[in-house]
Amino acid sequence: MGILLYGNPSIEISFDDRALTHLQIVITAKLRRRESFVFSWTDSPDAGSGRSSIWVDASSTLYYRFYGSRIPSINRFWIEELMASANSGGGLFFSAEPVAGRS
């Protein structure tokens, strides 16, 4: 299980390492282009369910903490899906890995 730390003081957002790796690729691509966006996800039941969102821009403090030492294989279909979401008016919404495109 990995953690995305956002802001100072930090908000901890937990994702498994595989998901966090894919999110890192998409978020980094957006920030390299100096594109700000909203990032939203569905909270786990132990976090009270619901949905959370943060505003991400070039001045955001982000820290990716992976618990595994192995970099997972990248699913290009998932990257494309997440990037399409990030480029939409609603911003990046985390969605589970598409099973058909898993590499």
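Biologist: How far apart are the mean positions of the positive and negative charges of the chain?

Modeller: In this predicted model, the chain carries 10 positive and 10 negative charges. When the mean position is taken for each of the two groups, the distance between these mean positions comes to 7 Å.

Biologist: In what order do the helices and strands of the chain run from the N terminus on?

Modeller: The secondary structure of the chain comes to two helices and six strands. Read from the N terminus on, these elements follow one another as β-β-α-β-β-β-α-β.

Biologist: What radius of gyration does the chain have, and what would a compact globule have?

Modeller: The C-alpha atoms of the chain fill a box of roughly 35 × 30 × 25 Å along the principal axes. For 103 residues, a compact globule would have a radius of gyration near 13 Å, and the chain agrees with this because its own value is 13 Å.

Biologist: What share of the residues in the chain is buried?

Modeller: A residue counts as buried when its relative accessible area is under 20%. The chain as a whole exposes about 6,200 Å², with carbon and sulfur atoms supplying 53% of that area. Of the 103 residues in the chain, the buried share is 43%.

Biologist: Which residues does Val 26 touch, leaving out those up to four places away in sequence?

Modeller: Val 26 has its place in helix H1, which covers residues 17–32, and it counts as buried because its relative accessible area is 0%. With residues up to four places away in sequence left out, Val 26 touches Ile 79, Leu 82, Met 83, Ala 86 and Leu 92.

Biologist: Is Lys 30 buried or exposed?

Modeller: Lys 30 lies in helix H1, and its contacts beyond four places in sequence are with Glu 35, Phe 37, Met 83, Ala 86 and Asn 87. To be called buried, a residue needs a relative accessible area under 20%. Lys 30 has a relative accessibility of 4%, so Lys 30 counts as buried.

Biologist: Why does Arg 34 count as exposed?

Modeller: Arg 34 has its place in the loop between H1 and strand E3, and it has a positive phi of about 60° although it is not a glycine. The label exposed applies over 50% relative accessible area. Arg 34 counts as exposed because its relative accessibility is 68%.

Biologist: Where is Trp 41 found, and how far is its C-alpha atom from that of Glu 80?

Modeller: Trp 41 is found in strand E3, and it counts as buried because its relative accessibility is 8%. Beyond four places in sequence, the residues that Trp 41 touches include Ile 13, Phe 15, Ile 54, Phe 93 and Phe 94. Glu 80 is 39 residues away from Trp 41 along the chain, and their C-alpha atoms are separated by 17 Å.

Biologist: Among contacts in the chain between residues at least 6 apart in sequence, what percentage joins residues at least 24 apart?

Modeller: The count starts from contacts in the chain between residues at least 6 apart in sequence. Within that set, the share that joins residues at least 24 apart is 58%.

Biologist: Which residues does UniProt list for "domain: DUF7882"?

Modeller: The span in question is 28% helix and 29% strand, and its end C-alpha atoms lie 16 Å apart. The name comes from an unreviewed UniProt entry, which lists for this domain residues 1–95.

Definitions and conventions: Residues are numbered from 1 along each chain as its sequence is written. This is a predicted model: local features need pLDDT of at least 70, side-chain atom pairs count only at pLDDT 80 or more; totals for chains, interfaces and linings use all residues. Side-chain values use heavy atoms; hydrogens and water are left out. Helices (H or I, at least four residues) and strands (E, at least two) are DSSP runs, numbered from the N terminus. The radius of gyration is taken over C-alpha atoms; the globule rule is 2.2 Å times the number of residues to the power 0.38. Buried means under 20% relative accessible area, exposed over 50%, partly exposed in between (1.4 Å probe, protein chains only). Contact means heavy atoms within 4.5 Å. Accessible areas come from the Shrake-Rupley method with a 1.4 Å probe; for residues, only the protein chains shown count as cover. Lys and Arg count as positive and Asp and Glu as negative; His and the chain ends are not counted. The place of a charge is taken as NZ of Lys, CZ of Arg, CG of Asp or CD of Glu. UniProt positions are given in the numbering used here, feature names are shortened, and annotations may be inferred rather than shown by experiment.
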